[in-house]
Amino acid sequence: QVQLVESGGGLVQAGGSLRLSCAASGSIFSINSMGWYRQPPGKQRELVARITSNTSPNYADSVKGRFTISRDNAKNTVYLQMNSLKPEDTAVYFCNAVIRVHGGGARNYNYWGQGTQVTVSS
């Protein structure tokens, strides 16, 4: 099986910064893409940023210029550097990865982390 473990959430004032990390472990053959989603209170989960092994990252319009996603392939880890945080960035942030597992053939499996709370105070 595969696990995604997130870290780095917390409480920060508006204008501040946080860095989220997500490490994938387990029976991993290859990782297609990794990304971050968020779910604000009372709203649906939405894409924040996503990165693959061979394309440029893509970002939600609301975070462009403030957030940066990066990936360490050797560590199977994805990061989200969040700068100039706003109260509307408050949400539970979820790591997502599309992974081929050992013994799973060519099929890609979708995995989610447990979520980490980010709270931005005004």
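**Strand pairing, ring contacts and the disulfide in the predicted model**

In the hairpin made by β4 and β5, R38 stands opposite E46, a residue of β5. The model is a predicted one, in which local features need pLDDT of at least 70 and side-chain atom pairs count only at pLDDT 80 or more, whereas totals for chains, interfaces and linings use all residues. Residues are numbered from 1 along each chain as its sequence is written, and side-chain values use heavy atoms, with hydrogens and water left out.

Strands are DSSP runs (E, at least two residues), numbered from the N terminus, and two of them pair if DSSP finds at least two bridges between them. Strand β4 (residues 28–39) is antiparallel to strand β5 (residues 46–52), to which six bridges join it. Six residues separate β4 and β5 in their hairpin, and G42 in the turn has a positive phi of about 75°. β4 also runs antiparallel to β9, with 10 bridges between the two. Within this pairing, I28 is placed opposite V101 of β9.

An open sheet is formed by four strands in the order β1-β3-β8-β7, with antiparallel pairing. Its edge strands, β1 (2–7) and β7 (67–72), each pair on one side only. From one strand to the next the twist averages 15°, where axes are lines fitted to C-alpha atoms and angles run from 0 to 180 degrees between N-to-C directions. β1 is joined to strand β3 (residues 18–26) by six bridges in the antiparallel sense, and Q3 stands opposite S25 in β3. At the other edge, six bridges connect β7 with strand β8 (residues 77–82), again antiparallel. In β8, V78 is the bridge partner of R71. The hairpin of β7 and β8 has four residues between the strands, and N76 in its turn shows a positive phi of about 50°. In a regular strand the side chains alternate between the two faces of the sheet. For β7, F67, I69 and R71 make up the covered face, and T68, S70 and D72 the uncovered one.

One disulfide (a pair of cysteine sulfur atoms within 2.5 Å) is found in a search of the whole structure. It is formed by C22 and C95, whose sulfur atoms lie 2.0 Å apart. The link of C22 and C95 is left-handed, at -80° about the S-S bond. Distant parts of the chain are thereby linked: C22 belongs to strand β3 and C95 to strand β9 (residues 91–101), 73 residues apart. Relative accessible area is classed as buried under 20%, exposed over 50% and partly exposed in between (1.4 Å probe, protein chains only). C22 is buried because its relative accessible area is 0%, and C95, at 0%, is likewise buried.

A search of the whole structure also gives one aromatic pair. Y37 and W112 form this pair, which is edge-to-face, at 5.0 Å centre to centre and 65° between the planes. Y37 lies in strand β4 and W112 in strand β10 (residues 109–112), so the pair ties together parts that are 75 residues apart in sequence. Rings of Phe, Tyr and Trp (its six-membered ring) pair if their centres lie within 6.5 Å; planes under 30 degrees apart count as stacked, over 60 as edge-to-face and the rest as tilted. W112 is partly exposed because its relative accessibility is 36%.

Charges also sit over rings, the criterion being NZ of Lys or CZ of Arg within 6 Å of the ring centre and within 35 degrees of the ring normal. The charged end of R19 lies over the ring of Y79, 4.1 Å from the ring's centre. R45 is placed over the face of F94, at 3.7 Å from the ring centre.
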